[in-house]
Amino acid sequence: GAEATLRQLKSALERNKVLAIDPAAGAKFDPHQHQAISVVPSPTQDPNTVVTVLQKGYLLHERVVRPALVTVAKAKEPAAG
């Protein structure tokens, strides 16, 4: 029941041009669609890429209604020495 309702809601939103902003981990940070909540060290990811999505964002007719809240990988610090 709940899953069918969710599918109908998603379908209705898509018909009205409301799309989710849900970047994958490792996607390049886009300040026009994402809001960085924190910057975290990440030895496995490139700097200025999305580490985690805390909250999805939404587009309405290709305009940002709410940016996705994300954590972003910090730039690697140069080695001392």
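## A predicted fold with two open sheets

Read from the N terminus onwards, the elements of this protein follow the order α-β-β-β-β-β-β, which amounts to 1 helix and 6 strands. The model is a predicted one. Its radius of gyration is 16 Å, well over the 12 Å that the globule rule gives for 81 residues, so the protein is more spread out than a compact globule. The box that its C-alpha atoms fill, taken along the principal axes, is roughly 60 × 30 × 15 Å. Of the 81 residues, 20% count as buried, and among the contacts with a separation of 6 or more, 60% come from residues 24 or more positions apart.

### The sheet of β2, β6 and β3

One open sheet is formed by 3 strands in the order β2-β6-β3, and the pairing in it is mixed. Its edge strands are β2, covering residues 34-40, and β3, covering residues 50-55, each of which pairs on one side only. Neighbouring strands of this sheet are turned against each other by 30 degrees on average, with direction ignored. Between β3 and β6, the latter made of residues 68-73, the pairing is antiparallel and runs over 4 bridges. As a detail of the strand arrangement, Gln 55 stands opposite Leu 69, a residue of β6.

### The sheet of β1, β4 and β5

Another open sheet is built from 3 strands in the order β1-β4-β5, and here the pairing is antiparallel. The edge strands are β1 and β5, each pairing on one side only, while the twist from one strand to the next averages 35 degrees. Within this sheet, β4 and β5 pair in the antiparallel sense over 3 bridges, and Leu 59 stands opposite Val 64, which belongs to β5.

### The nonpolar core and Val 72

In soluble globular proteins, nonpolar side chains tend to be buried together. Which residues make up the largest nonpolar core of this model? There are 6 of them, namely Ile 21, Val 50, Leu 59, Ala 68, Val 70 and Val 72. Strand β6 gives the most to this core, with 3 residues. Val 72, one of the core residues, has a long list of partners once its neighbours within four places in sequence are left aside: Val 72 is in contact with Phe 29, Ala 36, Ser 38, Val 39, Val 40, Asn 48, Thr 49 and Val 51.

### Four residues with contrasting surroundings

The table gives the place and the relative accessibility of four residues, which are then taken up in turn.

| Residue | Place | Relative accessibility |
|---|---|---|
| Thr 71 | strand β6 | 8%, buried |
| Asn 48 | loop between β2 and β3 | 45%, partly exposed |
| His 61 | loop between β4 and β5 | 54%, exposed |
| Ala 25 | loop between β1 and β2 | 59%, exposed |

Is Thr 71 buried or exposed? Thr 71 counts as buried because its relative accessibility is 8%, and buried means under 20%. The side chain of Thr 71 makes a polar contact of 2.6 Å with the side chain of Thr 52. Apart from its neighbours within four places in sequence, Thr 71 is in contact with Ser 38, Thr 49, Val 50, Val 51, Thr 52 and Leu 54.

Ala 25 lies in the loop that joins β1, residues 18-21, to β2, and at 59% relative accessibility it counts as exposed, since exposed means over 50%. Although Ala 25 and Val 50 are 25 residues apart along the chain, their C-alpha atoms are separated by 5.3 Å. With its neighbours within four places in sequence left aside, Ala 25 is in contact with Gln 45, Val 50 and Val 51.

Two loop residues can be read together for their backbone angles. Asn 48, found in the loop between β2 and β3, has a positive phi of about 60 degrees although it is not a glycine, and its relative accessibility of 45% makes it partly exposed. His 61, found in the loop between β4 (57-60) and β5 (63-66), likewise is not a glycine and has a positive phi, of about 50 degrees, and with a relative accessible area of 54% His 61 is exposed.

Terms used
Residues are numbered from 1 along each chain as its sequence is written. This is a predicted model: local features need pLDDT of at least 70, side-chain atom pairs count only at pLDDT 80 or more; totals for chains, interfaces and linings use all residues. Side-chain values use heavy atoms; hydrogens and water are left out. Two strands pair if DSSP finds at least two bridges between them. Axes are lines fitted to C-alpha atoms, for helices over the stretch in contact, and angles run from 0 to 180 degrees between N-to-C directions. A nonpolar core is a set of buried Ala, Val, Leu, Ile, Met, Phe, Trp, Tyr and Cys residues joined through side-chain atoms within 4.5 Å. Buried means under 20% relative accessible area, exposed over 50%, partly exposed in between (1.4 Å probe, protein chains only). Contact means heavy atoms within 4.5 Å. A polar contact is a pair of N or O atoms within 3.5 Å; within protein, one must be able to donate a hydrogen and the other to accept it, and residues adjacent in sequence count only if both atoms are side-chain atoms. The radius of gyration is taken over C-alpha atoms; the globule rule is 2.2 Å times the number of residues to the power 0.38.
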